[in-house]
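Me: I'd like to go through a few labels on this model and ask what each one rests on. Can you take them one at a time?

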Amino acid sequence: MIMRSALAFAGRVSGARSAHRSVGAATMEVTPLSYLMSNNVDPTVICENKRTFSTAPRKGTEFIFSRLGETSKITPLIAKLQQECWDGYVSTGRGCQTLFQLIDTDSKGTITWSEIRFFLENVRQSDINTDARKMVLEASHDHEIRFPEFQAWLIKATRVDPGLKNSFASEHYNRSIGKTHHVEDRTHSWNKHTMSQNLRRMQYAVRGEIVIRADALAAEGKKIIYTNIGNPHAVGQKPISYYRQVLSLCDLPAEYGVDNPALAAAFPSDVVQRAIDMRNAIGPSGTGAYTNSQGIEKFREDVAHFIMERDEHVSLPSNIFLTNGASAAIESVLTGLIGTNRDAVMIPIPQYPIYSAIISRLGARQVGYFLDEEKGWAITERELEERRTAAVERDGLDIRAFTLINPGNPTGQVMSREDLEIICKFCAKYDIVLLADEVYQKNIYDDKKQFVSAKKVALETPGCENLQLISFHSTSKGLIGECGRRGGYMELQNIDPYVQTQLYKLASSSLCSGVDGQIMTSLMVRPPLPGEESYAQFAHEEMDIYLSLKRRAASLVDGLNSIDGISSTKAEGAMYAFPRVKLPQKALDAATAKDQTPDMLYCLSLLEETGICVVPASGFGQKEGRVGFRTTFLPPEDELNHAIVEFKRHHELFCDKYA
């Protein structure tokens, strides 16, 4: 209580920035904590909503604790103050100077070895990476640390992955503008110290350092096989004719499209009729105008009908939001969910990095629950309970949401009904909002598996009928693969009506999702039906894509498993394999020496040697000691078969190099 009141008072007085007060003719800068100290505010009285001022000013934190009377009370309260301020910094990236002053307990303007050691012992070990912990202890043993050095250290301490240093991004930018010399951070007022620290800490591995290096190599003329991201059309998948035909007629002016007398010779009749119906739903302004912020009502009705047919449960258009892909929907929901420094989201490990990226940027905490690789990336109730208990009881976090990805990305497993029941019951038990990422629901390659939605399981599982649930789907995946259209939807189930109005307000701040994406979403959930003119060609094109994906999934996994030192679970669904790689000890040592993860060292070597661009597994999260990568199986079959041969050749070369 004392600790929170003291910091709250300091914040109210001076806000996030330093305050100023006049002293004679001069003006001195007073930070939040200094203001509290220099005005002799007794925290034992603040908690009773009173303020007192002493005629004998004291310095630093010694003033606060001297008022407590007993020396034995000082250490625990300092620890609590530091932990509270550290929590705030980790969540918001703000409060660096206040944190420095709280660690500087003797108010000398420097931090000693004993002060930094005390601080490190009283904050969560998981919040500070190991290398940075060692670095600051060594530095403080050598000399007392001043604020600029402490500020620079915080950047290293809170870097998500010590192997991700944005070096390739910086090099690529410098080359693009012809800059060959380094410009110090302090040249610009907006720099790595003053920018949003949440944005700095955010990482998105699938478009990270490896891809930037791959683009640079491609610019130099090297052949690159991009298997880093699920972007089907970019690696040769052909668009489905029906979708493109309807979309083109929706976009074309009527005199060149639906009203053109020659149209019947160029387009099937059902395509023309669907385009007319969609144009009527869009309205006379056409596809170039803003729509309702929640999405065009007729298209939302199509989505609701699709969900009802799939799940055999009611779905309401009013609970559907059309969005710019699933990612934008996920970001909107998390923006509305995260409210305090202690809010947390449970995510699977391994996970799709959009979750960790958004959670970091919003200043929340992620609580990983590990999928069991030995059991085909299964979920256990014990794992969920243990992770929650540690987060809530040990770390004092408030778990607001739980994410599942089905089929799995990057792991490729299709969740059983039993797994989904475990998750639904867990979320219902603790009143946690369930976020169901179901964008790969059409990508099922195991004949013994089938997709079951989280909504269907929740509504059919006793005790879960009132589970708060939001489901996501996208036009970027499945067999449609129209990533660039940015189409998708989310369905809200048992969400507070007031919260839903606030999500609508958030959507309205972006005006609306892209109209082409809304059209594509409607087409995805309501394709041509048997008996319609386009159906035969549509079904043939879809089946060709599906069977090819199924073959590629099997051939990639079989090929990886044939390499000594590489193992991969079966790709039951989605678009990826997530193999484990066994590396020689010298390779692990080399990665440490280069301040890289072993995954990064291996994947960079693979790229330079073969031109294959994959993503280090560390970007998705994995158990300590595991090394691996994620690769898609989207390239054309002949190119993928060549890549499998190259995977083997590189692995043998790499292991020989570090033998």
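**Labels and what backs them**

Reply: Sure. Let's start with Y243, which is buried, with a relative accessible area of 2%. Keep in mind that this is a predicted model.

Me: What makes Y243 count as buried?

Reply: The cut-off for buried is under 20% relative accessible area. Y243 comes in at 2%, so the label fits. Y242 has 4%, so that residue is buried as well.

Me: And how many aromatic pairs are there?

Reply: The count comes to 19 aromatic pairs, going by ring centres within 6.5 Å. Y242 and Y243 form one of them, with 6.3 Å centre to centre and 65° between the planes.

Me: Why is the pair of Y242 and Y243 called edge-to-face?

Reply: Planes over 60 degrees apart count as edge-to-face. Y242 and Y243 have 65° between the planes, so edge-to-face it is.

Me: What about F629 and F647: what makes that pair stacked?

Reply: For stacked, the planes have to be under 30 degrees apart. F629 and F647 have 15° between the planes, at 5.5 Å centre to centre, so they qualify. F629 sits in strand β16 (residues 629–632) and F647 in helix α27, so this pair ties together parts 18 residues apart in sequence. Both F629 and F647 are buried, and they belong to one aromatic cluster with Y602, F654 and Y658.

Me: Staying with α27, how do you know whether D656 is buried or exposed?

Reply: D656 is placed in helix α27 (residues 637–657). Exposed means over 50%, and D656 has 59% relative accessibility, so D656 counts as exposed. As for P584, D656 is 72 residues from it in sequence and 9.0 Å from it in space, C-alpha to C-alpha.

Me: Now the helices. Why are α7 and α8 called roughly antiparallel?

Reply: Two packed helices are described by the angle between their axes and the distance between the axes. Helix α7 (residues 113–122) and helix α8 (residues 130–142) pack at about 160°, with axes 8 Å apart. Angles over 145 count as roughly antiparallel, so α7 and α8 earn that label. The crossing of α7 past α8 is left-handed.

Me: Which residues make that contact between α7 and α8?

Reply: From α7 there are W113, I116, R117 and L120, and from α8 there are R133, V136, L137, S140 and H141. By type, the contact of α7 with α8 has 5 nonpolar, 2 polar and 2 charged residues.

Key
Residues numbered from 1 in each chain as written. Predicted model: local features only at pLDDT ≥ 70, side-chain atom pairs only at ≥ 80, totals over all residues. Heavy atoms only, no water. Axes fitted to C-alpha atoms, helices over the stretch in contact; angles between N-to-C directions. Helix = DSSP H or I, 4+ residues; strand = E, 2+ residues; numbered from the N terminus. Parallel < 35°, antiparallel > 145°, perpendicular 65-115°, else oblique. Left-handed = near helix turned anticlockwise from the far one by under 90°. Contact = heavy atoms within 4.5 Å. Nonpolar A, V, L, I, M, F, W, Y, C, P; charged D, E, K, R; others polar. Buried < 20%, exposed > 50% of the residue type's maximum accessible area, 1.4 Å probe, protein only. Phe/Tyr/Trp six-rings, centres within 6.5 Å; stacked < 30°, edge-to-face > 60°.
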